[in-house]
Amino acid sequence: MSQMILLDRVTKTYNKNLGSALDRVSLHIEPKEFVIVVGQSGAGKSTLLKLLTREERPTSGKIIVGGIDYDKLSDKKIPLLRRRIGTVFQDFKLLPNRTVFENVAFALEIVGASTKEINNTVPRVLDIVNLKDKAKRMPIELSGGERQRVAIARAIVRQPKILIADEPTGNLDPKHAWDVIRILEKINRYGTTVLLTTHNQDIVNRLKRRVVTIEGGRIVSDRANADYDNTSGKKAK
Ligand code: ADP
């Protein structure tokens, strides 16, 4: 199978009285794609991402990620799945009492990596996010953009096949937002499939990547290299 992410008519209903958060969503994403998911608040973006990370289960429909069929996934195998999917959020979720190096190393410690492996890998990953010279800083001594890049380093240190970035620039000014986006592009060039959600229209327009638009739990458009008009979901001009 060549798909990295495959959703086939996936429905998620949290509460029968309120309708479905996702309604028969089908989506195919190939390895190494960079896909932006857009949509108003409440459209169903977070639900889609939580289904992929197995924080939520679908009410119906099929999900296969990196060849793993979620119908056949035992709870025991969820950690394996989580290693294949790195996640980054709007709030960076760094450990405040640990240095940059230690924050990234932690993701390796919890899977039993050796000190040698940690000392080899962490500087390499900090180099990718352009923070090699700040390894000894504490999170409080960093800008928002730098903190987010630490979070990205932590998310990729176990070499996931997929990186999910849920509003990673939501708390950042434009300069730092673009620093973060450029890092996501670099990681994508190195071969990781990237799934990005954003409300930032400028980023969507300038990235010129595939854009999937969700409205009321349905995919209402799916375009390569799209310009995106935030108000109507229609192609700009
Ligand atoms: P988005 O991420 O696009 O803002 P969400 O996926 O968070 O959208 O929400 C989609 C819909 O599902 C919304 O109507 C929201 O209120 C509802 N919803 C999300 N999470 C839950 C939950 N845990 N329980 C009940 N309803 C939920």
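The following questions and answers deal with a predicted model of one protein.

Reader: What makes the protein count as being as compact as a globular protein of its length?

Author: The radius of gyration is 18 Å, and the globule rule gives 18 Å for 237 residues. The two values are close, so the protein is as compact as a globular protein of that length. The protein has 7 helices and 10 strands, and its C-alpha trace spans about 50 × 45 × 35 Å along the principal axes.

Reader: How many of the residues count as buried?

Author: Of the 237 residues, 50% count as buried.

Reader: Why is Thr-169 called buried or exposed?

Author: The cut-off for buried is under 20% relative accessible area. Thr-169 has 6% relative accessibility, so Thr-169 counts as buried. Thr-169 sits in the loop between strand S7 (162–166) and helix H6 (174–189).

Reader: Which residues are in contact with Thr-169, leaving aside its neighbours within four places in sequence?

Author: They are Ala-177, Val-180, Ile-181, Thr-198 and Ile-203.

Reader: And Thr-197: why is it called buried or exposed?

Author: Buried means under 20%. The relative accessible area of Thr-197 is 1%, so Thr-197 is buried. Thr-197 belongs to strand S8 (residues 193–197).

Reader: What makes the pairing of the side chains of Thr-197 and Asp-166 a polar contact?

Author: A polar contact needs a pair of N or O atoms within 3.5 Å, one able to donate a hydrogen and the other to accept it. The side chains of Thr-197 and Asp-166 make such a contact at 2.7 Å. Asp-166 is also among the residues in contact with Thr-197 once its neighbours within four places in sequence are left aside, a list that includes Val-37, Lys-45 and Leu-49.

Reader: How far apart are Thr-197 and Ile-36 in sequence and in space?

Author: Thr-197 and Ile-36 are 161 residues apart in sequence, and their C-alpha atoms are 5.6 Å apart in space. For the protein as a whole, 68% of the contacts between residues at least 6 apart in sequence join residues at least 24 apart.

Reader: Why is Leu-18 called buried or exposed?

Author: Exposed means over 50% relative accessible area. Leu-18 has 70%, so Leu-18 is exposed. The loop between strand S1 (5–12) and strand S2 (22–29) holds Leu-18. Between the C-alpha atoms of Leu-18 and Glu-141, which are 123 residues apart along the chain, the separation is 44 Å.

Reader: What belongs to carbon and sulfur atoms on the accessible surface?

Author: The accessible surface comes to about 12000 Å², and 48% of it belongs to carbon and sulfur atoms.

Key: Residues numbered from 1 in each chain as written. Predicted model: local features only at pLDDT ≥ 70, side-chain atom pairs only at ≥ 80, totals over all residues. Heavy atoms only, no water. Helix = DSSP H or I, 4+ residues; strand = E, 2+ residues; numbered from the N terminus. Rg over C-alpha atoms; globule rule 2.2 N^0.38 Å. Buried < 20%, exposed > 50% of the residue type's maximum accessible area, 1.4 Å probe, protein only. Contact = heavy atoms within 4.5 Å. Areas by Shrake-Rupley, 256 points an atom, 1.4 Å probe, with all protein chains shown as cover.
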